[in-house]
Structures are given as C-alpha cells and as structure tokens.
Amino acid sequence: MSQWNQIQQLEFRLLEHVDYLYDDNFPMDIRQGLASWIESQSWDTAAGDESMAAVLFTDMIAQVERLRSQEQNFLQRHNLKIIQQHLQVKYSSSPAAMAGVISNCLREEQRILSSACMQEQGPLEKSLQNSVGFERQKNMDNSVGMIRARVQILDQSVKYLEDMQDDFDYRFKILQSGDQGERNNERMKQIKLKLQETLNRLDFKRKDILTKMDIVIKEVDDLMTSHLGPVLRDWKRRQQIAAIGGPVLSGLDQLQNWFTLTAQSLFQIKRQLDKLGELVSKVTYDSDPIPLQKPQMDERVKYLIYHLIRSSFVVEKQPCMPMHAQRPLIIKTGVQFTTKVRLLVKLPEVDYQLKVKTIFDKDLPPGRVSRQFFILTNNTKVMDVEDYSNGCLSVEFRHLQLKEKKYINGTKGNEGLLSVTEELHSLSFEACFTVLGLTIELETCSLPLVVISNVCQLTGSWASVIWYNLLTDEPRNLAFFNNPPRATWSQLSEVLSWQFSTFAGRGLNKEQLSMLGDKLGQQFPCADFQVSWSKFLKENIAGKTFSFWVWLESILELIKKHLLPVWNENYIMGFVSKEMERSLLNDKEPGTFLLRFSESHLGGITFTWVEHDNGEVKLNSVAPYTKSGLNAVSLPHIIRDYKVYSEGFAPENPLKFLYPDIPKDVAFGRLYNCQPSKVDPYIPSILIPISEMRSSSSSVTSPACLSPEPPMTPGEFEMLSDQICFNMNTMSSPYPE
C-alpha cells in the first residue's frame with residue numbers, strides 16, 4: 001500500500017496535521033494525483049543536487065500536464081492548469097527548493113504514520129502541537145488584523161484632520177485679509193466665531209487622534225511582547241527539535257506575514273506622526289497637544305520598529321553539510337557547508353543591496369575551546385528577494401568552508417577540557433541598513449555547532465547535537481557540556497524513536513523503547529527516570545566494550561544501509577531481550593523465528609528459532625550478521641537459503657514462520673531478488689549461509705547456541721575501528737579516555 005493510501009486511512013485528528021503540510025508551496029492536488037510517481041523519486045538527494053532537481057522538476061511539470069489532460073472534470077482540469085503555471089513560476093529558477101519542500105512533506109507523512117502506530121504521543125511532540133495550534137493561529141490573525149484596521153482608520157482620521165486644518169487656514173486668511181474696519185462688522189464677527197469653533201474642533205480632533213494612536217501603539221507593543229515574541233521563540237524551539245529528527249518545521253511563511261503586517265502598521269503610524277508634525281508647522285496654538293505628545297510617541301514607534309526588524313532576522317536553515325543533510329549542526333573542516341538567513345519583514349523600503357557577513361565564533365571568550373577556526377571562503381553575500389517564498393529577503397551561503405588556525409610552536413593550549421565532539425561553536429550573521437531615517441543593525445547566530453576533522457567523529461558529534469537541542473532552548477550556550485544536565489527517559493525515548501523514523505522510515509514502539517530503557521538502567525516498567533550524558537555516550541554498557549549510543553548508532557547505520565525494506569515492513573522485532581525472546585517463542589510451532597539486533601555485537605542482527613527435541617523446546621540463535629556479511633548476501637536471501645548442518649543429517653533450513661505465524665516466503669517473498677541474471681558463459685553461483693549445529697557433548701556452551709563466537713568478531717572489530725580513530729596531526733579522539 002502506498003504511503004498516501006495509508007495517510008488517507010488515518011483518523012481525523014491526524015489528517016488535520018497532514019492538511020497543515022500542504023499549501024501553495026506543494027498543493028495537495030498534486031500529492032493526490034501523482035502519489036505513486038512522487039513516492040518513487042529520491043527527493044532527499046535532489047534537494048542537495050541542483051541538476052537532479054532540475055530533471056525532477058521538468059518531469060513533474062510533464063506529469064501534471066499528463067494528469068490535466070486525463071482529467072474529465074472541467075473545474076478540476078482548470079485548477080490543475082493554474083497549479084501547473086504556479087509551480088513553473090515558483091520553482092523554475094530554484095528546483096532544489098521544490099525538492100526540499102516535497103522531501104519534508106514525505107518525511108513528515110512518515111512521522112505522522114509512525115505516531116499513529118504509537119499508543120500515545122511523547123511529551124515533546126504534544127508541546128509542539130500546542131505551540132502551533134489552530135486556535136492560536138486564529139487569534140494571531142485576529143490581533144494583527146484588528147491593529148491593521150485601526151491603523152487604516154487612523155489614516156482616514158489624519159486626512160480628515162488635514163482637511164479640517166485647511167478649512168481653518170482658509171478662514172483665518174480671510175480674516176487676516178480684511179482691513180481693521182471690516183473686522184468689526186457683523187460678517188467678520190461670524191467668521192471669527194466660526195474660526196473659533198473650527199479651532200475647538202481641530203483641538204478636539206488632534207487630541208482624539210493622539211489618544212487613539214497611543215492606544216494602537218500600546219496594542220502593537222503588547223502584540224510584539226505577548227504574542228509575536230513567544231511565537232517566534234516557539235518556532236525557534238521547533239527548529240531545534242526538527243534538527244534532531246522531530247516533526248518537520250513549518251510556519252515560517254505565516255510568521256513572516258504577521259511580522260510584515262505589524263511592521264507595515266508601525267511604518268504607517270510613523271508616517272502619520274510625520275504628517276502631524278507637518279500640520280503643526282502650519283497651524284499651532286497654546287496647549288496644542290501634538291508638540292507635547294508627538295516626540296515621546298516618535299521614540300516609542302522607532303523603538304518598536306527597531307526591535308521588530310532586529311528580531312525578524314532569523315536563521316532559516318541551520319548550517320549543515322550537503323552529504324549529511326539529515327544531521328545538521330556538524331561541520332567538517334575542509335568540507336563545504338550551507339546555511340540560510342531570512343528577514344521576516346517584507347517591505348519595499350529594504351529591497352535593495354543588503355549585505356550579510358558571516359563570522360565564526362564571534363566574541364568567544366579566550367580559553368573556551370582548544371581549537372579555533374576561520375571561514376576559508378567568501379563570507380559576505382547580498383540578500384535577494386525570493387519569488388518562490390512569498391517575496392521574502394533571504395540569502396543562502398552554499399559554499400562556506402572552515403579551516404583550523406595554526407598554533408604557535410604547535411601548541412593549541414587548554415587541551416583536555418572537553419572532547420572534540422563536546423566543544424561547541426557558533427556562526428554569526430551581521431547586516432546593517434537604514435529605513436525611514438532609522439539605522440538598524442541586524443545580528444543573529446546559528447545554533448551551537450560541532451566541528452570535526454574526521455568522519456569517524458560523526459557519531460559522538462550527533463550525540464552532542466541531540467543532547468543540546470533536547471535539553472535547552474538557549475541559542476548560544478557554548479559552555480553547555482561543562483556541566484551537561486540529565487535527560488528524563490520520557491524525553492530521550494521520544495527522540496530516539498525519531499532517529500529511527502527519520503533515518504529508517506519507521507519509529508520504535510513502546511516495547512522496543514522499554515528494552516532500550518532497560519539498557520540505560522530503567523528499574524521499573526513505565527517509570528520515568530533520568531539519564532546522564534556520561535551514561536548515554538561515554539560509559540560502556542555493562543560487560544561490553546562500547547557505550548549505549550555507539551551501539552544504537554551502529555544499528556541505525558545497519559538498517560539504513562542493509563535492512564531498510566525489511567525494517568519498514570515491520571518484520572524486525574529488533575530490540576527484545578533474551579528473556580522476552582524466550583517468552584515470545586516458547587509456545588510457538590517449530591521453525592518459528594524472530595529477528596532481533598545483537599546486544600553483544602556492534603551493528604549486528606540475528607535470528608532465533610524454535611526447535612522441539614523430544615518434547616523439549618529449544619531456542620537456537622545464529623551468530624549475528626554484520627555489514628561485512630550483509631554486503632555479500634541480503635538478509636531476505638540469508639533467511640531463504642539458510643541451512644543448518646549437524647553430523648549425520650542432511651543440511652536443512654530450520655526457518656519456517658516469521659513470528660508470530662507468517663510463512664517465511666509470504667513475508668519475504670517479494671524481497672527476494674527475482675531478476676534474471678545476465679547472459680554469461682559461466683554457471684551462476686550463489687552464497688548459501690550455513691551453520692554447524694554442535695552436540696552438547698562437544699561444547700561447554702549451551703546446546704541452544706550455534707558456533708561459539710570469538711571474543712571480538714571481524715564485524716565488531718570493523719565497527720569499533722569506524723567509531724574510534726586517531727588523527728596523527730592532532731592526536732585527538734571523539735571520546736575522552
């Protein structure tokens with residue numbers, strides 16, 4: 001069943017979240033009409049490859065044209081034509097942006113499907129849903145709209161005041177133009193009376209406008225403090241969570257709309273105040289309220305404009321290496337990385353040459369880190385208006401690169417304070433422009449970065465990125481790992497499940513997470529407990545030569561490279577203890593087997609099957625397969641061709657039913673490679689996995705075990721070599737000794 005068909009079977013509550021994904025950037029009509037074609041393309045890869053994205057964009061336009069030509073309904077055919085034209089205008093110059101949008105939508109669909117299989121949502125995801133609630137958006141729309149309406153009414157009031165003042169000025173000039181004798185006649189007395197009445201009304205109107213303007217300014221201040229500010233902070237928090245595998249980030253266009261409308265209101269009030277100043281220069285009088293109140297209002301409006309625009313300068317795309325787009329905030333020296341900043345205020349007044357400069361580790365206190373870096377490539381670029389993103393001002397740095405500074409006498413100084421993967425750095429962005437006579441200095445910074453010199457440090461670096469962004473919303477706490485806080489299991493388990501849904505397409509269920517909790521010291525089922533940073537990454541699991549995170553990361557890598565189809569079919573039970581394994585299989589038919597990840601090997605998967613021997617139930621487990629074995633033979637083929645040999649018996653395949661009772665070929669049949677081999681003069685050969693079953697008399701180990709395993713298998717040694725490496729120039733390791 002296609003992913004889109006699964007989506008349509010979800011309950012209404014989850015379908016609302018799907019509906020939130022699709023807008024003008026990627027209409028749901030296209031998702032519906034081209035579901036199979038869309039799901040068969042590599043959008044993740046295309047998002048980082050312009051040429052591939054251009055090919056997919058051309059193909060999509062052709063697919064939409066085909067869909068339109070086959071549509072019988074006239075209205076729907078018209079809508080598809082409009083959508084096709086819209087996509088061409090929006091993405092023809094930036095097809096990679098389209099690929100990124102579709103990739104995010106598909107990934108978020110997978111996450112929603114995964115959450116539908118869970119009994120309940122985690123606390124993080126619940127809090128994120130509350131922050132983007134539809135009721136909250138509706139309230140924001142109403143607040144911003146009411147302020148805009150009041151400002152428009154003020155505009156009309158100022159124009160009415162100007163007309164009233166013109167009338168007063170006209171009557172006053174008539175009075176002045178008459179001679180002394182005429183001024184005392186009855187007609188002139190009437191003019192004076194009218195003039196005094198007009199002045200009284202003028203004074204009342206000026207006071208009324210200033211009072212209403214003061215109310216609107218206070219409302220804007222309250223909107224920025226109590227609504228816009230928190231919404232922006234929530235978006236930044238959701239960006240942190242999205243960076244570590246959480247729900248796909250959205251809502252920036254809506255945020256930009258609120259910021260822009262608020263800024264337009266402030267600029268309009270500023271122009272209204274300037275107009276009042278002009279009116280005072282023409283007509284003023286004793287106790288005129290404008291000279292008394294205008295200076296203070298001017299300062300308040302300038303203050304609000306300044307802080308609104310400064311806060312609207314955000315990092316839209318956190319720094320990441322294109323080859324590791326799903327693991328942002330990790331930068332390798334000498335490798336290009338990308339990042340993007342955006343100004344949420346869309347105003348004609350700032351649509352010009354606005355240069356943004358990047359600075360690495362700005363104002364970093366001396367001694368904070370043992371290594372220092374500088375940006376090797378051009379670090380300045382001009383912001384531009386993006387047609388495909390509602391005309392916002394943004395700039396994307398696509399070719400930044402870091403280089404480590406050389407040290408005098410070869411000494412870095414302050415070595416050993418933190419490991420390489422615990423040192424945090426930051427990338428700052430600066431710009432300056434003048435609008436309506438107000439000079440505004442913009443500055444923002446990325447989330448903390450980890451800089452590595454070798455890809456073998458990726459595992460520890462990603463653990464640092466997860467831990468930081470899970471446990472703090474501070475944008476620049478670079479000393480975080482001097483005393484890292486503990487995480488609760490309810491927080492951590494949710495993020496661990498996200499790692500699997502993001503990198504492997506399917507998250508973890510409650511039972512699998514419970515087994516992982518046991519690994520980290522959970523004493524009672526369903527109880528929340530705290531996990532230290534050291535327990536997560538640095539300390540070895542009891543009786544093992546590796547830590548919890550290194551073990552889990554090796555499994556993620558194994559799934560991603562070798563087990564993805566089997567994992568996404570939900571055929572791998574995965575995380576199950578040996579005790580639970582025995583409980584599950586004890587009353588099953590002979591030949592029933594389950595797949596689980598090895599607890600003793602890095603990146604290993606094994607299968608355990610039931611055997612009956614003289615009425616006694618025995619469980620046999622094969623030595624774990626690691627990437628070296630799976631490179632040669634895929635897991636479905638191993639299960640199909642596996643044989644057990646014991647003395648005096650012909651080799652046979654003991655695997656009959658996948659737990660609980662699915663016939664093996666029904667489960668894995670479509671995953672067997674049925675493609676005919678190429679015409680070849682040689683007789684084709686295949687690799688058949690086989691184990692020797694030893695009798696209990698020939699081994700001191702349990703009769704249920706197969707060939708005894710050495711203390712460290714080649715696969716385990718290979719994985720350890722990947723995780724622990726040394727750079728001969730720096731002699732540093734991603735993990736402290």
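## A guided tour of the predicted model

Start at N570, just after helix α19, where the residue takes a positive phi of about 65°. This is a predicted model, in which local features need pLDDT of at least 70 and side-chain atom pairs count only at pLDDT 80 or more, while totals for chains, interfaces and linings use all residues. Residues are numbered from 1 along each chain as its sequence is written, and side-chain values use heavy atoms, with hydrogens and water left out.

**Stop 1: helix α19**

Step back and select residues 548-568, helix α19. Helices here are DSSP runs of H or I with at least four residues, strands are runs of E with at least two, and both are numbered from the N terminus. Helix α19 has 21 residues, yet its end C-alpha atoms are only 23 Å apart. A straight helix would reach 30 Å at 1.5 Å a residue. (The expected span is 1.5 Å times one less than the number of residues.)

Where is the kink in α19? Select H562: a kink of about 90° lies there, shortly before the proline P565. (A bend is the angle between axes fitted to the seven residues ending at a position and the seven starting there.) Now colour α19 by burial: 15 of its 21 residues are buried. (Buried means under 20% relative accessible area, exposed over 50%, and partly exposed in between, with a 1.4 Å probe and protein chains only.)

**Stop 2: helix α14**

Select residues 289-311 for helix α14. Its 23 residues should span 33 Å at 1.5 Å a residue, and the end C-alpha atoms are 33 Å apart, which agrees. Look at P295, where α14 bends by about 25°.

Next, show D288. This residue caps the N-terminal end of α14, with a side-chain oxygen 3.2 Å from the backbone nitrogen of I290. (A polar contact is a pair of N or O atoms within 3.5 Å; within protein, one must be able to donate a hydrogen and the other to accept it, and residues adjacent in sequence count only if both atoms are side-chain atoms.)

Buried residues of α14 include P289, I290, M297, V301, L304 and L308. K294 and D298 are buried too. What do the buried residues of α14 pack against? Their partners are α12 (186-243), α13 (252-282), β1 (313-320), β3, β10 (427-435) and β11 (438-445). (Contact means heavy atoms within 4.5 Å.)

**Stop 3: strands β10, β11 and β4**

Stay with β10, one of those partners. β10 and β11 pair in the antiparallel sense over eight bridges. (Two strands pair if DSSP finds at least two bridges between them.) Two residues lie between the strands of this hairpin, and L436 takes a positive phi near 50°.

Add β4, residues 355-360, which runs antiparallel to β10 with four bridges. Click S428 in β10: I359 stands opposite this residue, and so does C445 in β11.

**Stop 4: strand β8**

Select residues 392-400 for strand β8. Seven of its nine residues are buried, so β8 is largely enclosed by the rest of the structure.

Which strands run alongside? Strand β3, residues 337-343, is joined to β8 by six bridges and runs antiparallel to it. Find L343 and its bridge partner L393. Strand β7, residues 384-386, also pairs with β8 in the antiparallel sense, over three bridges. There, E386 stands opposite C392.

**Stop 5: three single residues**

Go to L154 in helix α10, residues 134-177. L154 is buried, with a relative accessible area of 3%. Its C-alpha atom is separated by 7.3 Å from that of M213, 59 residues apart along the chain. Beyond four places in sequence, L154 touches I209, K212, M213, V216 and Q272.

Move to T592 in strand β15, residues 592-597. At 1% relative accessibility, T592 counts as buried. Its side chain reaches the backbone oxygen of E589 at 2.8 Å. Contacts of T592 outside its four-place neighbourhood include W609, V610 and F657.

Is K618 in strand β17 buried or exposed? K618 is buried, with a relative accessible area of 19%. Show D613 as well: a polar contact of 2.9 Å joins the two side chains, K618 and D613.

**Last stop: the whole chain**

Zoom out. The protein chain has 24 helices and 21 strands. Buried residues make up 49% of its 737 residues.
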